Amino acid sequence: MLGTSVMEVTNKLLAAIALCLVVRTSVTGGYRILGVFPHTAKSHFIMSGTIMRELATRGHEVVVISPFPEKNPPKNYRDITYVDPSNTIVDSFTLDMVGGARIVETLYVLYSLGVETCEATYSSQKVQELLKSDEKFDLVMVEIFNTECFLPFAHRFNASLVGISSSVLMPWANERFGNPDDPSYIPVHFTGYTDRMTFSERLANTLILSAVKVAYDYVFNYKANQIVRKYFGEMVPTVEEMASKMSLLLVNSHFALHQPRPLVPAVVEVGGIHMKEPKAMPKEFEQFLNESEHGVIYFSLGSTVRSDSFPEPMRQAFLEAFSHLPQRVLWKWESGSMPGQPSNVKIAKWMPQLEILSHPNVKAFITHGGLMGTMEAAYFGVPMIVIPLFGDQYLNAQSYVQKGIAVQLDYGTIDKKTVSAALRAVLQEPSYAENARRVSKALRDAPLSPVDTAVYWTEYVAKHGGAPHLRCAAADLPWYQLKLLDVFAVLLLGAVLLGLLIRAAARRLFSGAKRQEASNKGRKSKTS
Ligand SMILES: *[C@@H]1O[C@H](CO)[C@@H](O)[C@H](O)[C@H]1NC(C)=O
């Protein structure tokens, strides 16, 4: 009697201990994750910030180095802000700085910004304190964009390395994973080609891809290695060696919106990851949208470029075209007033973009082609007029034109005629709205949401100790072997040798036959 009750109590106690252990492991089961995202353009942090917040919400300990501290961080989220947040790139570019910038300028800007952020980050006391601390991390997450100088964080903390690409893959992001980047159908970022190129476009795309990769490998990485050695000493591995250890890359593209392309298992598309449920928007905007019976055109050049810097004639071209429309216009405009503002145009320095684009009365979006805003428009089925200005915006614009959801308006050609023609097409030709609805449906149809996908694969890398089994052998082949140039060379040589052999044999046969003929003739003439 006593024995059974003692046993019962013991059993209960054991069960309770087991339960405690289960609960404990699930609490301490979280990983320690360091995010290093020092690039100062806000649009880049939108994606990384979303992932880091989500990881913290799901119980991981997250430390984030960025210029954008969280206003309401989740419980396990700690910011290390290395630079005065007012020095970030928000509403700081004017149109004459960026309008029509092409490859060489773009590369130069990327390079200089990269060097600047590397130096600013590593010379920050807070970052140095972290590097000297005895904190431990399971994972380090960095952006793959314009510099590799942040890879040593993973080396320093002996952690697995995960990359994030806040744009469609940069041309230099592929090789470290052995990810296919054939220029025959994958257009380089800055060209504005689609995946269906003419012969001359393929030729240009091939040359540009090679040139851009050489520039990155020999100029960008040379500088990154210099900076890394300056702060980590001479013994640190090269950034190329560290890049080759990257386990996973989360990329902000989607096959339904951009060009479908083959991806190795270590490269995972999570396009649209920053999309949220629309919240209630401020009353002034909601009322304006509700009351626009003919619909609304939303106009914004994003968080970086000031649309109040349009040259006078271009602004006039828009205003004149707008003043003849039955629709009303919401224009993100960075100064207090707009000269010659028509009565159907409302301006504001900040607008609740996601909420506006989700409103059923919005008929078109005039945009510079930034990835975040255009993905939001595509997600809510809003056709676009894209005025690409720099970077990946040409590529984005061409993807959307190809899908039939956008018209491209070139910055240099903006006048009343081109603006009116673009507006007429998008507002009056039904195909744009139809295609936009179709793309929206395709974007939303997925087995796992982008944010769940990103968290799943990030945890997967931590769980499987860097998941080296994701690595494709193509990553370790020299380029001429990957492209089978050595095999083709041998085959070509074989074909040539075979040709020569056949020729020699034919000659011998032929001359043998001739000799025979000649001797036959001689015999004949003798006998006759
Ligand atoms: C706008 O319209 C929606 C749907 O009819 C309604 O729920 C909302 O209250 C309206 N908002 C304003 C500010 O008028």
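This report describes selected features of a predicted model, from its strands and helices to its salt bridges and a nonpolar surface patch.

## Strand β11 and its neighbours

Strand β11, which spans residues 362-367, is mostly covered, since 5 of its 6 residues are buried. Strand β8 (residues 296-300) runs parallel to β11 and is joined to it by 5 bridges, and in this pairing Ile297 stands opposite Ala364 of β11. Strand β11 is also paired with strand β12 (residues 384-386), again in a parallel arrangement, through 3 bridges. Here Phe365 stands opposite Met384, a residue of β12.

The connection between β11 and β12 involves helix α12 (residues 371-379), and the three elements make a right-handed β-α-β unit.

## Helix α13

Helix α13, formed by residues 393-402, is mostly covered, with 8 of its 10 residues buried. The buried residues are Gln393, Tyr394, Leu395, Asn396, Ala397, Gln398, Ser399 and Tyr400. They pack against α12 and β12, and also against β13 (406-408), while α12 and β12 themselves belong to the right-handed β-α-β unit that begins with β11.

After α13 comes Gly404, a residue with a positive phi near 75°.

## Two buried loop residues

His60 is placed in the loop between α2 (42-57) and β2 (61-65). Its relative accessible area is 4%, so His60 is classed as buried, the cut-off being under 20%. When neighbours within four places in sequence are left aside, the residues in contact with His60 are Gly30, Tyr31, Ile33, Leu55, Asn76 and Glu459.

Glu334 occupies a place in another loop, the one between β9 (328-332) and β10 (345-348), and with a relative accessible area of 7% this glutamate is likewise buried. Glu334 and Ala154 are 180 residues apart along the chain, and their C-alpha atoms are separated by 40 Å.

## Salt bridges

The structure holds 16 salt bridges. One of them joins the side chains of Glu135 and Arg78, with an N to O distance of 2.6 Å. Because Glu135 lies in the loop between α5 (125-132) and β4 (139-143), whereas Arg78 lies in strand β3 (residues 77-80), this pair ties together parts of the chain that are 57 residues apart in sequence. Arg78 counts as partly exposed, at 37% relative accessibility, and the residues Arg32, Arg78 and Glu135 are linked in a network of salt bridges.

A further salt bridge is formed where the side chains of Arg176 and Glu148 meet, at 2.7 Å from N to O. Arg176 is found in the loop between β5 (160-165) and α7 (199-232), and Glu148 in the loop between β4 and α6 (152-156), so the contact ties together parts that are 28 residues apart in sequence. Arg176 counts as buried at 10% relative accessibility, and Glu148 counts as buried at 3%. Asp476 and Arg471 also form a salt bridge, in which the closest N and O atoms are 2.8 Å apart. In that pair, Asp476 is exposed, with a relative accessible area of 54%, and Arg471 is partly exposed, with a relative accessible area of 34%.

## A nonpolar patch on the surface

A nonpolar patch on the surface is formed by Trp479, Tyr480, Leu484, Leu485, Val487, Phe488 and Leu491, which together have about 730 Å² of accessible area. Two helices, α17 (479-482) and α18 (485-527), each supply at least two residues of the patch, and the largest share, 4 residues, comes from α18.

Leu485, one of the patch residues, is found in helix α18. Its relative accessible area is 40%, so Leu485 is classed as partly exposed, and this value also satisfies the requirement of over 30% relative accessible area that applies to patch residues.

Definitions and conventions:
Residues are numbered from 1 along each chain as its sequence is written. This is a predicted model: local features need pLDDT of at least 70, side-chain atom pairs count only at pLDDT 80 or more; totals for chains, interfaces and linings use all residues. Side-chain values use heavy atoms; hydrogens and water are left out. Patches are made of residues with over 30% relative accessible area and no salt bridge: like charges are joined within 9 Å, nonpolar side chains (Val, Leu, Ile, Met, Phe, Trp, Tyr) within 5 Å. Accessible areas come from the Shrake-Rupley method with a 1.4 Å probe; for residues, only the protein chains shown count as cover. A salt bridge is a side-chain nitrogen of Lys or Arg within 4 Å of a carboxyl oxygen of Asp or Glu. Buried means under 20% relative accessible area, exposed over 50%, partly exposed in between (1.4 Å probe, protein chains only). Two strands pair if DSSP finds at least two bridges between them. A crossover is right-handed if, with the strands pointing away from the viewer, the path from the first strand over the helix to the second runs clockwise. Contact means heavy atoms within 4.5 Å.
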